Amino acid sequence: MVNVSSTAQSLSNDYVGMGAWIGLATDDPGNSATPANEAAGGGYTRVKTTWTPGDGGVNQGSAVTINLPSGAYPYMILCADANGQTMIDNCKINGVVLNSDGQIVVIPTYTQT
């Protein structure tokens with residue numbers, strides 16, 4: 001936990017500076033630079049977000065629209081590049097399920113506490 005607001009914001013800015021590419025995974029993507037279980041097919045590609053710094057440790061990403069085949073997508077990944085072994089981090093998200101090929105809109109937010 002960071003108790004100084006400006007320090008939290010600096011750390012948040014550093015974190016989002018490491019990656020701007022958002023993707024999704026069908027199961028736990030693991031903890032290496034190569035994301036396991038990353039989505040594939042249905043026109044899927046990682047999509048670049050634009051981070052906007054806020055206050056007190058918050059960075060808001062722009063909305064990204066991700067094309068996907070039908071399936072469940074319980075994890076979001078943050079990557080340094082559009083493809084390859086560049087995962088920076090990942091997080092569990094509220095289960096998103098597509099019954100047919102479609103799109104999911106993700107609005108990423110990072111908060112340093």
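The accessible surface of the protein amounts to about 6000 Å², and carbon and sulfur atoms account for 49% of that area. The model considered here is predicted. Beneath this surface, 36% of the 113 residues are buried.

The overall dimensions come next. Taken along the principal axes, the C-alpha atoms fill a box of roughly 45 × 25 × 20 Å. A compact globule of 113 residues would have a radius of gyration near 13 Å, and because the protein has 14 Å, the value agrees with that expectation.

The chain contains one helix and nine strands. Along the sequence these elements follow the pattern α-β-β-β-β-β-β-β-β-β, with the helix preceding the strands. Many contacts link distant parts of the sequence: of those between residues at least 6 apart, 72% join residues at least 24 apart.

The interior may now be examined. The largest nonpolar core consists of 22 residues, and those with the most contacts inside it are I22, L24, I66, L68, Y73, I104 and V106. At least two residues of this core are supplied by each of the helix α1 (5–16) and the strands β1 (21–25), β5 (64–68), β6 (71–79), β7 (87–98) and β8 (102–106). Strand β6 provides the largest share, five residues.

One member of the core illustrates how these parts meet. Leaving aside residues up to four places away in sequence, V106 touches I22, L24, S62, A63, V64, I66 and M76. Among these partners, I22, L24 and I66 are, like V106 itself, listed with the residues that have the most contacts inside the core.

Notes. Residues are numbered from 1 along each chain as its sequence is written. This is a predicted model: local features need pLDDT of at least 70, side-chain atom pairs count only at pLDDT 80 or more; totals for chains, interfaces and linings use all residues. Side-chain values use heavy atoms; hydrogens and water are left out. Helices (H or I, at least four residues) and strands (E, at least two) are DSSP runs, numbered from the N terminus. The radius of gyration is taken over C-alpha atoms; the globule rule is 2.2 Å times the number of residues to the power 0.38. Buried means under 20% relative accessible area, exposed over 50%, partly exposed in between (1.4 Å probe, protein chains only). Contact means heavy atoms within 4.5 Å. Accessible areas come from the Shrake-Rupley method with a 1.4 Å probe; for residues, only the protein chains shown count as cover. A nonpolar core is a set of buried Ala, Val, Leu, Ile, Met, Phe, Trp, Tyr and Cys residues joined through side-chain atoms within 4.5 Å.
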